[in-house]
Amino acid sequence: MLRRAVRKGTLTVRYPSGAEAVYGDGGEPEAAIRIADAGAVRAIYLDPALKFTEMYMDGRMSIEAEKLDVFFALVKINGAKRFATAPGAALTVWRVLDRLWRRYVARETAQRNVAHHYDLDERLFRLFLDDDLQYSCAYFADPDASLEEAQLAKKRHIAAKMMLAPGQSVLDIGSGWGGMALYLARHGGVTVTGVTLSSEQLRVARERALELGLAGRVGFELTDYRAVTGKFDRLVSVGMLEHVGPQNFPTYFSTAARLMQDDGVFLLHSIGRAKPNLFDPPFVEKYIFPNGHIPALSETLRAIERSGLLVKDIEILTYHYADTLKHWRQRFHANRDKVLALYDERFFRMWDLYLATSELSFRHGKLFNFQIQLVRKQSTARPARDYIGEAERKLSAIDGLGRAAD
């Protein structure tokens, strides 16, 4: 399998017997792994898609010189499909069928899926995120920007596309720890309702609104977006579409259309992939985001068109998430001792895998971020994109000083 898979770069494997083998063309990138026991070799052969990661998490496979990112860069450059085996292919078929069955889930299952990831200890996320707890792709208009600067630029960029006006009402679908909603209320002069399925995020968001004196203008609820009633001038959703599932896309966008005023605007920010897929990598599915689905632009637009909403702006963000993840992983490693005080070594390895492989999927794979601006009426749209830069400049004049808009 390794002789077939490794065509570019160099992979050195040290087997339990003491034997050593070198695969590839002798060039860069160069990585070396050590497999501790024969059972680990067998497990990797039978199910490489999952067991490469599990053996690393369990310490039964080590990546020498701590070059986890280099090893998975080598895998990405050569193409993960090349590492398949016959038993692994059979497991892939089973996973596809299992995933298709589980995609049709109840709302209660959706909440459990969200809790699996987002209800982890708040202190963990504070160890690697920016000060505002932005857990989504930053906007590195300046490649030398700090993580805090890039996340502020992301919020500013999104707010500019929402075409805000003081006094408007905003719905934040998947409001996380509240940073986006608090920014819009503080600097856009709007009132915001945020909905989430994570009780831990809800607690933190409400505490932050009280601390900033914004509880009267920002409210957070533990509510499924499908249960929201009323009408809103603006909708925003950042990093939530990945948890909806393609079977629920028609409901998601028809619900957005129902909740928008006639002259409303909906700004959607999501990870995207080059084409639809049937399931996420087994490691991500099992340990990180159960039942998650990174959408292709094609399946997203198909659902939007059926909802009756009009697409007025699409922007593709390339490498921004790779750079965001690089910052997160550096901070994660810098706080290793604090992570281990909360969780164990296996958890640290698992999340290190998640951050490293995610970065490489954006840097060497086919993932990207997209932002889509949606309206109900043609007359709501602007004839040119100049207004975005103008709004960003106005926001920059106030948000850097931390002053609320009048």
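**Aromatic pairs and ring contacts in a predicted model**

Y252 and F266 are both buried, and the model in which they are found is a predicted one.

Trainee: Which class of aromatic pair do Y252 and F266 form?

Mentor: The ring centres of Y252 and F266 are 6.3 Å apart, and their planes meet at 50°. Planes under 30 degrees apart would count as stacked and those over 60 as edge-to-face, so with its angle of 50° this pair is classed as tilted.

Trainee: How many residues apart in sequence are the parts that this pair of Y252 and F266 ties together?

Mentor: Y252 belongs to helix 11, whereas F266 belongs to strand 9, which covers residues 260–273. The pair therefore links parts whose separation in sequence is 14 residues.

Trainee: A search of the whole structure finds 26 aromatic pairs; which class does the pair of Y225 and Y252 fall into?

Mentor: For Y225 and Y252 the centres lie 5.3 Å apart, and the angle between the planes is 70°. Because planes over 60 degrees apart count as edge-to-face, the pair of Y225 and Y252 is edge-to-face.

Trainee: Where does Y225 lie?

Mentor: Y225 is buried, as is Y252, and its partner Y252 sits in helix 11, residues 249–259, so that the pair ties together parts 27 residues apart in sequence. Y225 itself lies in the loop between strand 7 (218–222) and strand 8 (232–238).

Trainee: Which residue's ring has the charged end of R349 over it?

Mentor: R382 lies over the face of Y387, at 5.0 Å from the ring centre. The charged end of R349 is 4.8 Å from the centre of another ring, that of Y56.

How values were computed
Residues are numbered from 1 along each chain as its sequence is written. This is a predicted model: local features need pLDDT of at least 70, side-chain atom pairs count only at pLDDT 80 or more; totals for chains, interfaces and linings use all residues. Side-chain values use heavy atoms; hydrogens and water are left out. Rings of Phe, Tyr and Trp (its six-membered ring) pair if their centres lie within 6.5 Å; planes under 30 degrees apart count as stacked, over 60 as edge-to-face and the rest as tilted. Helices (H or I, at least four residues) and strands (E, at least two) are DSSP runs, numbered from the N terminus. Buried means under 20% relative accessible area, exposed over 50%, partly exposed in between (1.4 Å probe, protein chains only). A charge sits over a ring if NZ of Lys or CZ of Arg is within 6 Å of the ring centre and within 35 degrees of the ring normal.
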